[in-house]
Amino acid sequence: MRFRLFAPLVGAALLAAACAGSDTTTPTSAVTPTSVAEAAEDPVQQTAPATTSAGISTSEAGSSQDAVLLDPRESGSLRNHLGYAFPLPPEVPTGPLAQTAFDDLEFIWSGFQTEVNFSGLTVARLAQSGDPRLAWILSDLLRFFPRGDIADGAVSAFQSLTGARLADDPVAARSPWQSVTDHLLAWDLPAFDGYDDYKERLFTLVEPGWQPFFDDADADIDWRIVSWGGVLIDNRQLGDARPCPRGCIPALDDPAVTDASAGSWYPDDGIVFAVVIGDEARAYPRHIMEIHEMVNDTLGGRRIGMPYCTLCGSAQAYLTDAVPDGVAVPVLRTSGLLSRSNKVMYDLVTKSVFNTFTGRAVSGPLREQGIELPQATVVTTTWGEWKAAHPDTTIVARDGGTGRQYPLDPLGGRDDRGPIFPVGDVDGRLSVHDQVFGVVLDDGTPVAFPVGAAVVALEDGGTVEFGGVTLHLDGGGLRAVDAAGNEIEGHQSFWFAWSQFMADTLLWEP
C-alpha cells in the first residue's frame, strides 16, 4: 500500500501537471512512466477518456451538459462555470460519526502506512453511514486516487450520500474529483468533528513539510477547502536558485534586472506585471512569473513579496518589511497547496500561512501577532506601453539571474476550458476568466471593474468611477484613486477568483 500511494504521488508531483508552470527535476524513486501517468491528475494534458473510472461516459456527460444548459434543474440555483445547476444540498446530521464509519476510516488510513490493502469496496462502504459529511473524505481520496478502483468507490459513496448524479455535471467527464469538490464547495457542506485530523494524517504523509501548517490549533484555515496543487513545498533557503530536488514551484529571489534598453529581448506586446514603489519602477515579465509564481525582491528601498497565482490570473505585491520591530521580514514561498484554486503561500522563516489574496497571516507566529501585509498596486500591461510611460523602469533580466531559459508561453492555453481546480459555484455576472481590476475600500467594501471595458472607456476619454473609486490609465494598465486623489492599491485577477474571495463585491458596469 505504501508504494501504491507514495510512489505515484511523488511522480505526479514531479510532473506538476495539475499546477502547470512548476519547476521540477527527474524523480529519484523507482516509478515507471506508466504508473506516474496513471496517478497524475492532469487537466492540462489529459483529454477525457471514452469512459471515466467512475463509470461516467463522455457521451453521457456531453448530452447532460446540453440538457442542463437548455433546461436547468429547478431544484438548485447555484451553478458551476459550465452552467450545471447544483442540486439542493443533502440533509446533514449533527453530532459524531457512527462508530462503524470511524472504524472504516481507520482501516483505510492505516493502509496508507502499512501493507494492508483496502479496496474501492471499502471506500464505497462509507455510504452505509448515511452521513454526507464524509463526502469531504471522499474528495481527499479522489485527489490522490483520481482513477481506478478507489476512485470508483469514492464516487459511488459520494452519489449515495448526497443524491447528486455526477453524469449530470460536464465537469465530471474531465475530473470526478473536481466535480465532487465543486458540489461540496457550492453547498458549503459541514465536515464532521475530527475531519481535520484525518486530513493532517494524509497530507503530511505526502509532504512532511506541511506539518507546521496543521500545528496551530487556532489557525484560521478551513481545511475543507484546502487541496493539493500537484507539487510539493518550496522550502529552499532565501537566494537558493537551484531547482527543487523533489519537485516544487521555486520562488525567484532577488532577480537580476536590467534597464529598459537592455530589455529589448522581451517583445513589446509581452505582458508584464509592473510595480512602482517610491521613485523606482520595475516590470516582471509574465512568462517568468508563470514559472516561479513567487518573487522576493527589493524595490524603492522596500522589501516586497510578489505571488502570482496562475490559476487565478492574479499578481500581487506585498510589502513584507511592514512588520513590527523584532519580527523577521517574511520570505514568501509556495506551499504546493491550494485554497479554492488560489495558491497557498507561507513564510519560510516562521512557517506561518498567509491568505494569498489578502495578505493576512492565518496560522503560526505571524497570525498570533496579527500580521496583515499591506499591498502595492500591480499594473498589468504590455512591456511596450509600460516602458514608454516609465522610461526609467527596470525589467527582470532575460534569465532572471538564474542562467536558465524561459519559454515565452509555458502554460500553452492551460486555462482555455475554464478553471482546472474546484471553485464551487460561480458569480454569473461575468465569465469566470474575465479579467477584473479590484480594490478594497477602507471600510472593507470590495469593488471590481471589468478591465477590457474600463480601458476602452478611458482611452475614449471617458470617466470610470464607481463606489467612490476612480480609475486612471498608467502605461496601458489601471490604477485607482479615491475621491481625495489618494491611491487605492489594486490588482487584476480572473473574475471567479475575485468574486469568491471578495464576497458581495460591487461590480462596475459600463
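## Terms and ground rules

A residue is called buried when its relative accessible area is under 20%, exposed when it is over 50%, and partly exposed in between, using a 1.4 Å probe and protein chains only. With that in hand, meet Ser77, which is exposed because its relative accessible area is 66%.

This is a predicted model, in which local features need pLDDT of at least 70 and side-chain atom pairs count only at pLDDT 80 or more, while totals for chains, interfaces and linings use all residues. Residues are numbered from 1 along each chain as its sequence is written, and side-chain values use heavy atoms, with hydrogens and water left out.

## Ser77 and a far-off partner

Ser77 sits in the loop between helix H3 (58–70) and helix H4 (99–111). Helices (H or I, at least four residues) and strands (E, at least two) are DSSP runs, numbered from the N terminus. Along the sequence, Ser77 and Asp425 are 348 residues apart, yet in space their C-alpha atoms are 9.5 Å apart.

## Two enclosed helices

Which residues of helix H6 are buried? They are Ala135, Trp136, Ile137, Leu138, Ser139, Asp140, Leu141, Leu142, Arg143 and Phe144. That makes 10 of the 10 residues in H6 (residues 135–144), so the helix is largely enclosed by the rest of the structure.

Helix H9 is also largely enclosed by the rest of the structure, because 12 of its 12 residues are buried. Among them are Pro176, Trp177, His183 and Trp187. The expected span of a helix is 1.5 Å times one less than its number of residues. For the 12 residues of H9 (residues 176–187) that gives 16 Å, and the end C-alpha atoms are 17 Å apart, which agrees.

## A cavity lined in part by H9

A cavity is found on a 1 Å grid over the protein atoms alone, as a set of points where a 1.4 Å probe fits but cannot get out; lining residues have an atom within 4 Å of a point. Grid points are joined across faces, edges and corners, and a volume is the space filled by probe spheres set on the points. The structure holds 5 cavities of 30 Å³ or more.

The second largest cavity has a volume of about 60 Å³. Its lining is made up of Thr181, Leu185, Arg224, Ile225, Ser227, Arg340, Ser341, Phe421 and Pro422. Of these, Thr181 and Leu185 are also buried residues of H9. Sorted by class, the lining has 4 nonpolar, 3 polar and 2 charged residues. In this scheme Ala, Val, Leu, Ile, Met, Phe, Trp, Tyr, Cys and Pro are nonpolar, Asp, Glu, Lys and Arg are charged, and the others, Gly among them, are polar.

## Strand E5 and its neighbours

Two strands pair if DSSP finds at least two bridges between them. Strand E5 (residues 280–285) is mostly covered, with 5 of its 6 residues buried. Strand E4 (residues 271–277) pairs with E5 in the antiparallel sense over 6 bridges, and Phe273 stands opposite Tyr284 in E5. These two strands form a hairpin with 2 residues between them, where Gly278 in the turn has a positive phi of about 65 degrees.

E5 also runs parallel to strand E15 (residues 394–396), joined by 2 bridges. Here Arg282 stands opposite Thr394 in E15.

## Strand E7 and its partners

Strand E7 (residues 302–309) has 7 of its 8 residues buried, so it is largely enclosed by the rest of the structure. Strand E6 (residues 294–299) runs antiparallel to E7, with 6 bridges joining them; Thr298 has Arg303 of E7 as its bridge partner. In their hairpin, which has 2 residues between the strands, Gly300 takes a positive phi near 60 degrees.

E7 pairs with strand E9 (residues 317–319) in the antiparallel sense over 2 bridges, and 2 bridges join E7 to the antiparallel strand E8 (residues 314–315). The bridge partner of Tyr308 in E8 is Ala315. E7 and E8 form a hairpin with 4 residues between them, and Gly313 in the turn has a positive phi of about 60 degrees.

## Cysteines

A disulfide is a pair of cysteine sulfur atoms within 2.5 Å, and a search of the whole structure finds 1. It joins Cys244 and Cys248, whose sulfur atoms are 1.6 Å apart. Cys309, by contrast, is in no disulfide, and its nearest cysteine sulfur, that of Cys312, is 3.4 Å away. Cys309 is buried, with a relative accessible area of 3%, and Cys312 is buried too, at 0%.

How values were computed: 1 Å grid on protein atoms, 1.4 Å probe; cavity = no way out; pocket = protein on both sides within 12 Å on 5 of 7 lines; lining within 4 Å.
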